[in-house]
Amino acid sequence: MVAQEFTVDLTKPLVFQVGHLGEAYQEWVHQPIVGKEGPRFFASDFWESLTRTVWWAIPSIWLPVVCWCTSMSYRMGHTPSQIALMLGTGIFIWTLIEYTLHRFLFHIQTRSYWWNTVHYLLHGCHHKHPMDGLRLVFPPAATAVLLIPFWNLVKLISTPSTTPALFGGGLLGYVMYDCTHYYLHHGQPTKDPARHLKRYHLNHHFRIQTSGFGITSSLWDNVFGTLPPAKTIEKSS
């Protein structure tokens, strides 16, 4: 097939190239290039800037929102212990969202031009260039857009006074996830559980990419049977 003969030029913007790989895209994107320097995505400097985010922007932008949401529920009459429970519930719900998105959306099998392109932007770029430090966390502009339906979803399953704290808990779970994800790639933990989590996640990148979808924990991998073999985790570094 012509698509299989297409060669990606890594010296040129990648986003509108990768779709041409067709059925060969999945094999190509799961052959990682290890290096801290990431590729260029777009020819436009504006669009390129939207794809690059320093890790500390995530807590700097979203933790004040978490605090604001928490204060809203407090002002509506909830006690600190009730708010703590709501925040914990939101974090727990996020862990399932984290697993579900990673397994069923980020690892969807694509082959057409546009679906390959979308997948590369969502997650494929991270597997191709796993050490690109400016593309490890989710861009705040995209997060802001996605928070709108998330807020509306929380409103459907909660009361007006519990919605803010539950939403804040989910958002806090996301912040913890993104910061943990960055640390697992660029930190050097010497003790468990952080050391185990790093091995667990690097195993997903470099050994068995069809298992180990949890980032902040292996909870849902245990529940849904997607734990990688223990021997492969021990070999990861």
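Here is a short walk through this predicted model, from one helix out to its ring pairs and charge pairs.

Quick housekeeping. The model is predicted, so local features need pLDDT of at least 70 and side-chain atom pairs count only at pLDDT 80 or more, while totals for chains, interfaces and linings use all residues. Residues are numbered from 1 along each chain as its sequence is written, and side-chain values use heavy atoms, with hydrogens and water left out.

Let's start with helix H6, residues 80-105. Helices here are DSSP runs of H or I with at least four residues, strands are runs of E with at least two, and both are numbered from the N terminus. How far should the 26 residues of H6 span? At 1.5 Å a residue the answer is 38 Å, and the end C-alpha atoms are 36 Å apart, which agrees. That expected span is 1.5 Å times one less than the number of residues.

Which residues of H6 are buried? They are Ile-83, Met-86, Leu-87, Gly-90, Trp-94, Thr-95, Glu-98, Tyr-99 and His-102. Buried means under 20% relative accessible area, exposed means over 50%, and partly exposed is in between, using a 1.4 Å probe and protein chains only. As a reminder, an α-helix has 3.6 residues a turn, so residues three or four places apart point the same way. What covers the buried residues of H6 includes helices H5 (57-75), H7 (113-128), H9 (163-186), H10 (194-206) and H11.

H6 also has a part in a surface feature. Phe-92, Ile-93, Leu-96, Leu-219, Val-223 and Phe-224 make up a nonpolar patch with about 510 Å² of accessible area together. H6 and helix H11 (219-224) are the elements that give two or more residues to that patch. Patch members have over 30% relative accessible area and no salt bridge; like charges are joined within 9 Å, and nonpolar side chains (Val, Leu, Ile, Met, Phe, Trp, Tyr) within 5 Å. The areas come from the Shrake-Rupley method with a 1.4 Å probe, and for residues only the protein chains shown count as cover. Leu-96, which sits in H6, counts as partly exposed because its relative accessibility is 32%.

A word on H9, one of the helices covering H6. H9 is mostly covered, with 17 of its 24 residues buried. Its end C-alpha atoms are 35 Å apart, against an expected 34 Å at 1.5 Å a residue, which agrees.

On to the rings. The whole structure has 16 aromatic pairs. Rings of Phe, Tyr and Trp (its six-membered ring) pair if their centres lie within 6.5 Å; planes under 30 degrees apart are stacked, over 60 edge-to-face, and the rest tilted. One of the pairs is Phe-16 with Phe-42: the centres are 5.9 Å apart and the planes at 65 degrees, so this pair is edge-to-face. Phe-16 is in helix H2 (residues 15-18) and Phe-42 in the loop between H3 (25-29) and H4 (45-50), so the pair ties together parts 26 residues apart in sequence. Phe-42 is buried at 14% relative accessibility, whereas Phe-16 is partly exposed at 48%.

Tyr-99 and Phe-213 are edge-to-face as well, 6.1 Å centre to centre with 85 degrees between the planes. Tyr-99 belongs to H6 and Phe-213 to the loop between H10 and H11, so this pair ties together parts 114 residues apart in sequence. Tyr-99 is buried at 2%, and Phe-213 is buried at 4%. Both rings join Phe-92, Trp-220 and Phe-224 in one aromatic cluster.

Now His-205, found in H10. Buried or exposed? At 1% relative accessibility, His-205 counts as buried. Leaving aside neighbours within four places in sequence, His-205 is in contact (heavy atoms within 4.5 Å) with Pro-32, His-126, His-127, Pro-130 and His-185.

Last, the charges. There are 7 salt bridges, each a side-chain nitrogen of Lys or Arg within 4 Å of a carboxyl oxygen of Asp or Glu. In one of them, Arg-111 pairs with Glu-23, with the closest N and O atoms 3.5 Å apart. Arg-111 lies in the loop between H6 and H7 and Glu-23 in the loop between H2 and H3, so the pair ties together parts 88 residues apart in sequence. Arg-111 is exposed at 57%, while Glu-23 is partly exposed at 42%. Finally, Glu-48, Arg-52, Asp-132 and Arg-135 are joined into one network by salt bridges that share partners.
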